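Visitor: Please take a close look at the salt bridges in this structure.

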Amino acid sequence: MSELASMLFGEKSFIMSDYAKNLISSVYTFANMGSSIFVGRGAHLILPRDRVLAVRIICSNEYRSLRLADILDVEETEAEKLLHQIDHEQRAFFKKVFGKKDASPYEFDLVINSDFIAEPSGAAEVIACAFKEKFSAELEGKPFVNRN
C-alpha cells in the first residue's frame with residue numbers, strides 16, 4: 001500500500017484515468033493471488049520493485065518487422081507501419097499513465113536481445129536462472145530479505 005501511495009502522491013506520481021485505476025487494481029489483485037506473470041503495461045512499475053523480476057525482451061526493428069509480417073501474413077512495409085503505430089501508442093500510454101518518456105534499462109533486472117538469443121527456450125532458461133537468483137531465499141522457505 002505504501003508503494004501505491006508513493007505512486008499516487010510521491011516521486012512516482014502519474015495521471016490517473018479509469019483505465020489506470022483498473023490496471024493498478026487488477027495487477028495488485030493478481031499479484032496477491034500468488035506468483036503471476038505480467039506481460040507489458042508497466043506492471044513492474046506498479047508492484048514493489050523488490051517483489052518483481054522485471055524482464056524486457058528487445059530486438060532490432062528489422063527483426064520485429066520480419067516477425068510481425070510473418071505472423072500477420074502481410075508485406076514487411078505494412079508490418080513496419082503497424083509497428084510504428086504500436087510504438088507510438090505504447091509511448092503515449094507510458095507518458096500518460098506513468099509520466100515516463102522512455103523505459104530506462106535500470107527499471108529491469110534483465111534485458112534480453114532476441115536478435116542474439118533467438119531461441120525462446122534459451123531466453124526462458126536465462127529468465128528462470130535470474131528468478132532463482134533474485135528469490136532464492138524465498139524458494140528455500142527463508143523469510144524475504146530486502147537487499148537495499
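Guide: The following account describes the salt bridges and the partners that form them.

This is a predicted model, in which local features need pLDDT of at least 70, side-chain atom pairs count only at pLDDT 80 or more, and totals for chains, interfaces and linings use all residues. Residues are numbered from 1 along each chain as its sequence is written, and side-chain values use heavy atoms, with hydrogens and water left out.

Four salt bridges are counted, a salt bridge being a side-chain nitrogen of Lys or Arg within 4 Å of a carboxyl oxygen of Asp or Glu. In one of them, Arg64 pairs with Asp87, with the closest N and O atoms 2.7 Å apart. This pair links distant parts of the chain, since Arg64 belongs to helix H4 and Asp87 to helix H5, 23 residues apart; helices (H or I, at least four residues) and strands (E, at least two) are DSSP runs, numbered from the N terminus. Arg64 is partly exposed at 22% relative accessibility, whereas Asp87 is buried at 17% (buried means under 20% relative accessible area, exposed over 50%, partly exposed in between, with a 1.4 Å probe and protein chains only).

Glu107 forms a salt bridge with Lys100, the closest N and O atoms being 2.7 Å apart. Here Glu107 is buried at 10%, and Lys100 is partly exposed at 26%.

Lys134 and Asp109 also meet in a salt bridge, at 3.1 Å from N to O. Lys134 lies in helix H6 (residues 120-134) and Asp109 in the loop between H5 and strand S2 (110-113), so the pair ties together parts 25 residues apart in sequence. Salt bridges with shared partners join Lys134, Asp109 and Arg49 into one network.
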